[in-house]
Amino acid sequence: FGELAFLEDLITEAKLRQEGVGNAILCWHNSTMDESGGDETPRDFAQNKIAVEVKTTSNPDRKHLISNIKQLIAQDGEDLYIFSASAKPLRSGTHRLVDQYRKVKQAMGEHAPGSDLKDFHDKLKVPGFFVSDIDKYELSSPFRVDYFNYGLIKIDENVKIFRTNTAIEGEERNGSFMPGEGPESPHVDGQSISYVLDLTGCEVIERGTPGYKNVLFSMLKSQ
């Protein structure tokens with residue numbers, strides 16, 4: 001749900017700034033690479049060293065499950081954000097996933113190139129949404145989505161995520177774990193470590209604000 005909401009905003013901004021719908025879709029399910037040309041990191045949205053991980057919670061508070069400890073570790077030179085969203089299945093809810101899908105299509109416009117629509121539908125398959133099953137989605141449970149305002153939170157030193165140690169020998173450690181523990185243990189797969197991150201006290205760049213739109217444009221703009 002949150003990914004489609006962010007994609008709707010990205011497409012709207014792309015059209016406003018004349019950057020092209022296809023460019024917005026290209027950002028979805030992209031990856032970033034560190035400046036040394038090393039490993040790529042899959043991102044929900046990424047381009048121009050701007051990366052966004054979408055987190056949608058059914059919790060009424062801004063608390064999100066981080067399923068992989070490496071998910072919120074920024075690459076060198078990368079600005080990393082969480083798009084914080086809420087969606088709880090409730091009979092009294094007013095929003096359905098298929099409604100958000102239609103909002104994205106509306107944002108694309110009636111005359112969007114067929115190649116862009118195909119790319120959109122292909123990428124929908126990654127989270128398991130198939131356009132061929134649209135009738136089934138019409139009958140799915142609605143969501144309540146108004147627990148808090150959607151928005152971006154920049155992952156910086158003020159956000160208390162789990163961090164791996166990056167200090168060189170002789171410097172003070174800067175990680176969240178003791179030496180040899182957690183992801184630094186040879187007996188633990190660091191990618192299997194998950195945790196709930198409480199973002200209720202963090203500064204939020206709310207959806208639709210100038211600051212929010214500027215982040216989106218920075219991701220979209222041609223270099």
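The lining of the second largest pocket has eleven nonpolar, three polar and one charged residues. Here Ala, Val, Leu, Ile, Met, Phe, Trp, Tyr, Cys and Pro count as nonpolar, Asp, Glu, Lys and Arg as charged, and the others, Gly among them, as polar.

This is a predicted model, in which local features need pLDDT of at least 70 and side-chain atom pairs count only at pLDDT 80 or more, while totals for chains, interfaces and linings use all residues. Residues are numbered from 1 along each chain as its sequence is written, and side-chain values use heavy atoms, with hydrogens and water left out.

## The pocket

The second largest pocket has a volume of about 280 Å³. Of its 15 lining residues, the closest to the centre are Phe1, Gly2, Glu3, Leu97 and Pro127. Two elements give two or more residues to this lining: α1 (2-16) and β4 (50-57). The most comes from α1, with three residues.

Some terms need their cut-offs. On a 1 Å grid over the protein atoms alone, a pocket is an open set of points where a 1.4 Å probe fits, with protein on both sides within 12 Å along at least five of seven lines; lining residues have an atom within 4 Å of a point. Grid points are joined across faces, edges and corners, and the volume is the space filled by probe spheres set on the points. Helices (H or I, at least four residues) and strands (E, at least two) are DSSP runs, numbered from the N terminus.

## Confidence

The pLDDT is the predictor's confidence in each residue, from 0 to 100. The protein chain averages 88, and 95% of the residues score at least 70. Confidence is lowest in strand β1 (residues 31-33), at a mean of 56. It is highest in strand β11 (residues 205-206), at 98.

## The sheet

What is the order of the strands in the open sheet of five? The order is β3-β4-β6-β9-β11, with mixed pairing. Two strands pair if DSSP finds at least two bridges between them. At the edges stand β3 (45-47) and β11, each with a single partner strand, so one side of each has no neighbour in the sheet.

Now take β6. With β4, strand β6 pairs in the parallel sense over eight bridges. Ala51 stands opposite Leu80 in β6. With strand β9 (residues 151-154), β6 pairs in the antiparallel sense over four bridges. Phe83 has Leu152 in β9 as its bridge partner. Ser84 has Gly151 in β9 as its bridge partner.

Why is strand β6 (residues 79-86) largely enclosed by the rest of the structure? Seven of its eight residues are buried, so the rest of the structure largely encloses it. Buried means under 20% relative accessible area, exposed over 50%, and partly exposed in between (1.4 Å probe, protein chains only).

## The core

The largest nonpolar core has 40 residues. Such a core is a set of buried Ala, Val, Leu, Ile, Met, Phe, Trp, Tyr and Cys residues joined through side-chain atoms within 4.5 Å. Phe45, Phe83 and Phe120 have the most contacts inside the largest core. The elements that give two or more residues to this core include α1, α2 (21-27), β4, β6 and α3 (97-108). The most comes from α1, with seven residues.

## Single residues

Five residues show a range of settings.

| Residue | Place | Relative accessible area |
|---|---|---|
| Cys27 | helix α2 | 0%, buried |
| Lys103 | helix α3 | 34%, partly exposed |
| Gln18 | loop between α1 and α2 | 74%, exposed |
| Lys49 | loop between β3 and β4 | 30%, partly exposed |
| Asp146 | loop between β8 (143-144) and β9 | 53%, exposed |

Sequence spacing and spatial spacing can be set side by side. Cys27 and Met219 are 192 residues apart along the chain, and their C-alpha atoms are separated by 7.9 Å. Asp146 and Phe6 are 140 residues apart in sequence and 15 Å apart in space, C-alpha to C-alpha. Lys103 and Leu72 are 31 residues apart in sequence and 28 Å apart in space, again C-alpha to C-alpha.

Backbone angles come last. Most residues other than glycine have a negative phi. Gln18 is not a glycine, and its phi is positive, near 60°. Lys49 is not a glycine either, and its phi is positive, about 65°.
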